[in-house]
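Hi everyone, thanks for coming along. I have one structure to walk you through today, so let me put it up on the screen.

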Amino acid sequence: MAKRGGFPGGMGMPGNMNNLMKQAQKMQKQMEEQQRELEEKTFTAKAGGGAVEVTVSGKKEVVSIKIAEEAVDPDDVEMLEDMIVAGVNEALRMAEQAAQSSMSKLTGGLGGFGF
């Protein structure tokens, strides 16, 4: 009897490939939805004991900066600048952490794909 070529299991492989494509499309849609949700969120960080408050969007853009009056010292502008930088960096870090967490929830299931 001659040995048949092709995929083991006969027609099972094309069906599996179709399922894989459907799963990939579903994951892509979920990633797009999560990206939109993340972009709509805001992240707020405070610096200098609350003297500076910075809010950034999920798009990693500065939305607002609030500065307490007592933080505005004409003789120490450098301290205010440092507090603003610290607040912006912390708010951006929070947004990045949320993005990574959101994506890892989806990509955590990639083990089934053999990646």
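**A walk through the sheet**

Let me start with one pair: Thr55 has Ser64 in β3 as its bridge partner. Before going further, please keep in mind that this is a predicted model, where local features need pLDDT of at least 70, side-chain atom pairs count only at pLDDT 80 or more, and totals for chains, interfaces and linings use all residues. Residues are numbered from 1 along each chain as its sequence is written, and side-chain values use heavy atoms, with hydrogens and water left out.

Now the overall layout. The protein has two helices and three strands, and from the N terminus on the elements run α-β-β-β-α. For the terms, helices (H or I, at least four residues) and strands (E, at least two) are DSSP runs, numbered from the N terminus.

How are the three strands ordered in the sheet? They form an open sheet in the order β1-β2-β3, with antiparallel pairing. The edge strands are β1 (42-47) and β3, each pairing on one side only. Neighbouring strands here are turned by 15 degrees against each other on average, direction ignored. Axes are lines fitted to C-alpha atoms, for helices over the stretch in contact, and angles run from 0 to 180 degrees between N-to-C directions. Helix α2 (residues 77-107) packs on this sheet and touches β1, β2 and β3; its direction makes about 145 degrees with that of β1. Contact means heavy atoms within 4.5 Å.

On to the pairing itself. As a general reminder, strands of a sheet pair through backbone hydrogen bonds, either parallel or antiparallel. Two strands count as paired if DSSP finds at least two bridges between them. Six bridges link β1 and β2 in the antiparallel sense, and Ala45 stands opposite Val54 in β2. Thr42 likewise stands opposite Ser57 in β2. Between β2 and β3, also antiparallel, there are five bridges.

Next, the turns. β1 and β2 form a hairpin with four residues between them, and Gly48 in that turn has a positive phi of about 60 degrees. β2 and β3 form a hairpin with four residues between them too. Which residue has a positive phi in that turn? Lys60 does, at about 65 degrees, and this is a residue other than glycine. Lys60 counts as partly exposed because its relative accessibility is 38%. The cut-offs: buried means under 20% relative accessible area, exposed over 50%, partly exposed in between (1.4 Å probe, protein chains only).

What about the two faces? Along β1 the side chains alternate: Phe43, Ala45 and Ala47 point to one face and are buried, while Thr42, Thr44 and Lys46 point to the other and are not. Over in β2 (residues 52-57) we find Ser57. Is Ser57 buried or exposed? Buried, because its relative accessibility is 9%. Leaving aside residues up to four places away in sequence, Ser57 touches Glu39, Lys41, Thr42, Phe43, Val63 and Ala95.

To finish, some totals. Buried residues make up 22% of the 115 residues in the protein. Among contacts between residues at least 6 apart in sequence, 46% join residues at least 24 apart. Thanks for listening, and I'm happy to take questions.
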